[in-house]
Protein chains: 2
Amino acid sequence: MGSKQGSGGKVTQQVKKAIGIGLLGLGTVGTGVAEVLATKADGLAEQAGLPLVLRKVLVRDVNKRRSIKLAPSLVTDRPDEILAHPEVDIVIELVGGEYPATEYIKQALASGKHIVTANKEVMAKHGYELFSLAKRHNTDIRYEASVGSGIPLISAFQQDLAANSISAIHAIVNGTTNYILTQMAQEGLDFASTLKQAQKLGYAEADPANDIEGIDAAYKLVILSNLAFRTKFTPQDVYREGISNIAARDFSYAREFGYAIKLLAIAKRDRDTVEMRVHPVFIPQDFQLAKVDGVYNAVEVETDLAGKLVFYGEGAGALRASSAVLADVLAIARNIYRGVNNVPELRLNETVSVKPMSDLKTRYYLRLNAPDRPGVLAQISKVLGDNSISISSVIQKEINLPAQTAIIVIMTYPAREKAMQKALSQLKQLPEVNEVSNFIRVEE
Amino acid sequence: MGSKQGSGGKVTQQVKKAIGIGLLGLGTVGTGVAEVLATKADGLAEQAGLPLVLRKVLVRDVNKRRSIKLAPSLVTDRPDEILAHPEVDIVIELVGGEYPATEYIKQALASGKHIVTANKEVMAKHGYELFSLAKRHNTDIRYEASVGSGIPLISAFQQDLAANSISAIHAIVNGTTNYILTQMAQEGLDFASTLKQAQKLGYAEADPANDIEGIDAAYKLVILSNLAFRTKFTPQDVYREGISNIAARDFSYAREFGYAIKLLAIAKRDRDTVEMRVHPVFIPQDFQLAKVDGVYNAVEVETDLAGKLVFYGEGAGALRASSAVLADVLAIARNIYRGVNNVPELRLNETVSVKPMSDLKTRYYLRLNAPDRPGVLAQISKVLGDNSISISSVIQKEINLPAQTAIIVIMTYPAREKAMQKALSQLKQLPEVNEVSNFIRVEE
């Protein structure tokens, strides 16, 4: 909202004939957006009130051959030709990555341009700074495509849930890892070969770290958390573990106990603290998120008024992102057309802080490799018991006769993370334990 | 959007100190809304820019004892005290039913008041007329709570999917019937006793016709279809069948074939026609909607850009509806605060018409009671074959020796509804058929 009551906000131009669009980046999503702007021009103009006209597109190499046909005069490799273009009202930032995207956005905002971005990294790391800058320049910054692609999430948090207190978010927001985990669960394959297959199919990048280490999911969690709790958290506030340590046998043990394994992004509010974490979890097989397979995304939100809501859809792809980008563009365009200012107020909740991971209380799954001899289980139980961790069930598995080792799988009762971490380091030093092979938190 | 470019819209009052709310109806939802307005006053004021002040509440009996404490001066049984109240900016209509709610809304719009309503019947039957009236008076009419309660659907269709072409909607939007069908499926009970149990638990009304005949679901389907396809369809355009004919054994046969039975509200666009129907369907057990159980609602939308999206949550309850009502109130309040006019344009797609039900092409499940003697199946197959309906599988079940009857269950290949209806009436007259016990369409 504008800060001056009764003011219709700034009128960009008295008689506008079109809304000028500048596009930064012509990768998969950029190409998709440019194509939709062309093919749906009439419908978009009808909805915006004015035609949406693509004024300029920033590319790295103006001579590169592309699938989309653009007039040569539209294409530039000089960012200023867009960021300072007098007839660009809305800059769509789709170059991705932290830099130079952050600088582009700042420069555009400072020139009074509205921003639509799909950039989760920038929004997670610099969101609050950019909102402040946008507010100072009376411009709007929208980022629906940054989380869940075409699934309406940002707008749901900003508008539809406006009267709610949000208590928890459980989200599958990374399609690559969800695809890999689904394949591992269904095919019984190990992580490395499943990752290779995903790379071959284009579901994983050549350098997959951003996805499989949970970095991408953490960005998205920060964006949702900041909306839900009115905070200015950054990715550093998120506890994070990736999926590369998960073995095929973890899935069969999980199934035996009635669980699925998913990489979840979790944020929970407990009075004035918020826990934020991204890591593999055991979730009960009958939970909805347990059934979200392949590249699909799903975000479950717990609220005081609306109860539990789930938003589900494909979280990636050029068309999916275009849907969100163009919804943002249309929202801004309608405001420009009406000559109104719709810059949201920044209302921070200063009292909310991050809950230390060590305070987490949950159940744990432990997979150990131990010598197959009497007394081993007693020693393991003692270490856990000394740390006030009670065992809910234990199964001895896959005894390897020649090596005289066994796999011991333990499910605990709820325990403190701090106690569990201490127990883990003690278990690692125990002569009765060859290896702590895996350790996965339970979410239920 | 305002029709005048560059205009900030009307400024209701130069310096407003509060947004005045008039509440029509103090039933379950009305009480919930009044309570949230009181308990969340500070947060709502912060979001709206101004305090939201409840000016007056319409009740049937001002002397009735209520769970909520309201100053006696706030309560009235005279609608005019709200509809013509000079300090009421937003009228929240929660009396339900077609009349007098429709008249209240018209009167409020004509007095320049904005409307927030949860009334699916009014919106389905009179939506277009009310939008036109609102536009004429430069007021806003919002109805997020009318479908799916607190699940953000109206706003998703209006804004988030604005750039999309919507091709299909599959929705579970009636909690009562979904609860009954879930119970029947899980407990193996028959319809009548499950309905009684649902009534005892408060999940079904004393007069359940509106729910079990699919009338409520049809209202909601019309509302979503009109948003999705920019039409002005009414409930009469919806083909409708209820769930009372479904027997416990239909669930076991469905399961055998790999299906669940749900009451779906379906709208599909095929070029310039839209089919709209509410009836029980067989859906594959692994479809997401097949797993939506109990009183939960879920709406699946197929779009060109965003792909397939699913919105899931509780579709009923005072707090759930309050979430949607207050999101609408806040959206209007922010516009009032900013002095802007946000009345949506009416953009009808005049070329779209309703597809006749007889043109439907789908697979069918048939349950027949027939004499247990040779040649019966041949006769049944012949009738179907004569109508160009091919049988995909047939099972003879539950032979009743004393009565010498058998149950014959048939799944067909896709066939035309017109042909199937003709075949059904022929089957009913066949001496080889005692009864056409049930007939359920397949959706996959």
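In what sense, parallel or antiparallel, do strand β1 and strand β4 of chain A pair, and over how many bridges? I began here, keeping in mind that this is a predicted model, and I found that β1 (residues 19-24) and β4 (residues 90-93) of chain A pair in the parallel sense over four bridges. At one position along this pairing I noted Leu24(A), which stands opposite Glu93(A) in β4(A).

**Entry: the sheet in chain A**

I then followed the strands outward and wrote down the order β3-β2-β1-β4-β5-β6 for chain A, an open sheet of six strands with parallel pairing. The edge strands are β3 (75-76) and β6 (141-142) of chain A, each of which pairs on one side only. As a reminder to myself, strands of a sheet pair through backbone hydrogen bonds, either parallel or antiparallel.

**Entry: Pro51(A)**

I looked up Pro51(A) and found it in the loop between α2 (41-48) and β2 (52-58) of chain A. Is Pro51(A) buried or exposed? Neither label fits, because Pro51(A) has 17 other C-beta atoms within 10 Å and therefore counts as partly exposed, given that a buried residue needs 20 or more and an exposed one has 12 or fewer. Once I had set aside the neighbours within four places in sequence, the contacts of Pro51(A) were Ala18(A), Ala41(A) and Ala45(A). I also checked Pro51(A) against Arg78(A), which is 27 residues apart from it along the chain, and their C-alpha atoms are separated by 25 Å.

**Entry: helix α10 of chain A**

I took the span of helix α10 (residues 215-229) of chain A, which has 15 residues and reaches 21 Å from its first C-alpha to its last, close to the 21 Å expected at 1.5 Å a residue. The helix is mostly covered, with 14 of its 15 residues buried. Just after α10(A) comes Arg230(A), for which I noted a positive phi, near 55 degrees.

**Entry: domains of chain A**

I recorded three domains in chain A, namely domain 1 (19-150 + 318-338), domain 2 (156-314) and domain 3 (359-442). The C-alpha centres of domain 2 and domain 3 of chain A lie 25 Å apart, and the contact between these two takes 12 residues from domain 2 and nine residues from domain 3. On the side of domain 2 of chain A that touches domain 3, α11 (248-256) and β10 (273-284) each supply at least two residues, and β10(A) gives the most, with five residues. That side of domain 2 of chain A divides into eight nonpolar, two polar and two charged residues.

**Entry: chains A and B**

I laid chain B on chain A and noted an RMSD of 0.0 Å, reached by a turn of 180 degrees and a shift of 0.0 Å along the axis, which means that the relation is that of a two-fold axis. The contact takes 53 residues from chain B and 51 residues from chain A. On the side of chain B that touches chain A, α2 (41-48), α6 (154-160), β12 (308-314) and α12 (318-338) of chain B each supply at least two residues, and the largest share, 11 residues, comes from α12(B). I counted the residues of that side of chain B as 24 nonpolar, 19 polar and 10 charged.

Why do I write that the copies meet through the same surface? I do so because 96% of the interface residues of chain B are also interface residues in chain A. My last check was on β12 (residues 308-314) of chain A, which pairs with β12(B) in the antiparallel sense over three bridges, and here Val310(A) stands opposite Tyr312(B).

Key
Residues numbered from 1 in each chain as written. Chains lettered and ligands numbered in written order. Predicted model: local features only at pLDDT ≥ 70, side-chain atom pairs only at ≥ 80, totals over all residues. Least-squares fit on C-alpha atoms with pLDDT ≥ 70 in both. Contact = placed C-beta atoms within 7 Å. Nonpolar A, V, L, I, M, F, W, Y, C, P; charged D, E, K, R; others polar. Pairing = 2+ DSSP bridges. Domains from an automatic or database assignment. Expected span 1.5 Å × (residues − 1).
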